[in-house]
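Trainee: Could you go through this model with me? I would like to talk about strands and charged pairs.
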Amino acid sequence: MLFFQNRQNIYFCIAAPRAYYILLYIYMLTTTEAFVLRSVRYDDHMLIVDMLCRSCGRTSFLVRLSSSKRGAMQRQMFQPLTLLEVVADLRQGKALQKLRTARMLTPYADIPFQPAKTATAFFLAEFLLYATHDDSGQSDGMFAFLRHSMHWYDAAREGYANFHLVFIIHMMRFLGFYPEPETYAEGCFFDLREGIMCRVPPSHDDFLSAADTLHLVNMLRLNYASMSRFGMSQEQRNRAISLLLRYCRLHIPAFPEMKTLPVLRDLFSGNAHPQVESQGQ
C-alpha cells in the first residue's frame with residue numbers, strides 16, 4: 001500500500017537523476033564556429049571532417065549525414081572553408097569527436113560557382129590544415145581574419161588573382177613567423193631560416209636573392225584592397241607562392257608538399273582560364 005501511495009515520489013526519485021544527467025550532458029556540449037578544412041568519406045552515410053574551430057582549434061569530427069534531402073547534415077555543407085556553427089560533444093583524448101548538429105552561417109554566393117575561386121579555397125583549406133593545430137589557445141583575431149578574408153573573396157568580382165598570396169602572408173602574423181620589412185635596405189637578402197633581413201648572404205642555402213627579397217618586401221605591404229595594383233605575371237605569381245611555401249616549410253613542423261598547388265597553377269594559367277588572369281590584374 002505504501003508503494004502505491006508514494007509511487008509518484010518513487011518515480012520522481014528515479015527520474016530526477018536521469019534528468020540531471022541529461023541536463024549535464026547538454027551543458028557539456030560545445031557550440032562554436034568552425035571552418036571546414038577537409039572531408040573524407042568514411043562510409044556511405046558518414047564523413048570524417050577536419051575543422052578549424054574558434055574554441056578548440058583544429059578538430060576532427062565523425063559526421064553522420066542526413067538520410068533525407070531536408071535533413072540538417074548534408075554533404076555539401078562540408079566543402080572546404082565553409083563556415084559553420086557546430087554543436088559537438090568534445091571528449092578530451094579522443095581522435096574523432098562527435099558532431100551533433102551543424103548549420104551554415106554564411107553560404108557563399110560566388111566561390112562554389114567559379115572554378116578558380118573553388119580551387120583557391122581548396123588550396124587555402126589544405127594550407128590551414130597543415131599550418132594550424134589542435135590548440136584551443138588560437139586567437140580570436142585569427143578567426144576574425146579568416147571570416148573577413150573569405151567574405152571579401154566571395155564578394156570580389158575582379159582583382160583577386162593575388163588573394164592566396166596575401167592571405168598566406170597575413171596568416172604568418174598569427175602563426176608566429178611574419179617577416180618584418182622594417183629592417184630592409186636595398187640589396188638585402190632574406191634569411192628563410194631566421195626570418196630576418198641580412199646585409200650579406202647567410203652561410204646556408206635557405207635565403208632569398210636580393211631581387212626576390214625586394215619582391216617579398218613589396219608583397220608584405222599589400223592588403224586585399226591594394227593587391228590588384230601590384231602587377232605580377234603568372235610566372236612571378238607561381239614563383240612567389242613557391243617561395244612562401246618554402247618559408248612555411250622551414251617554420252611549420254612536418255609541413256608537406258601541397259597536393260592542391262598544381263591544380264591552382266593550372267586553373268590560374270593563361271592557357272586554361274584567360275579570364276581569371278585578366279580579372280586578377
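Mentor: We can take the salt bridges and then a sheet. This is a predicted model, in which local features need pLDDT of at least 70, side-chain atom pairs count only at pLDDT 80 or more, and totals for chains, interfaces and linings use all residues. Residues are numbered from 1 along each chain as its sequence is written, and side-chain values use heavy atoms, with hydrogens and water left out.
Trainee: How many salt bridges are there?
Mentor: The count is 14, taking a salt bridge as a side-chain nitrogen of Lys or Arg within 4 Å of a carboxyl oxygen of Asp or Glu.
Trainee: And what does Arg 38 pair with?
Mentor: Arg 38 forms a salt bridge with Asp 50, their closest N and O atoms being 2.9 Å apart. The pair links strand β1 (residues 30-43) to strand β2 (residues 46-53), where strands are DSSP runs of E, at least two residues, numbered from the N terminus.
Trainee: Is Asp 50 buried or exposed?
Mentor: Asp 50 is buried at 7% relative accessible area, whereas Arg 38 is partly exposed at 38%; buried means under 20%, exposed over 50% and partly exposed in between, with a 1.4 Å probe and protein chains only.
Trainee: Changing topic, in what order do the strands of the open sheet run?
Mentor: The order is β7-β6-β8, with antiparallel pairing, and two strands pair if DSSP finds at least two bridges between them. The edge strands β7 (196-198) and β8 (207-208) each pair on one side only.
Trainee: Which residue stands opposite Leu 208?
Mentor: Phe 190 stands opposite Leu 208 in β8.

Notes
Helices (H or I, at least four residues) and strands (E, at least two) are DSSP runs, numbered from the N terminus.
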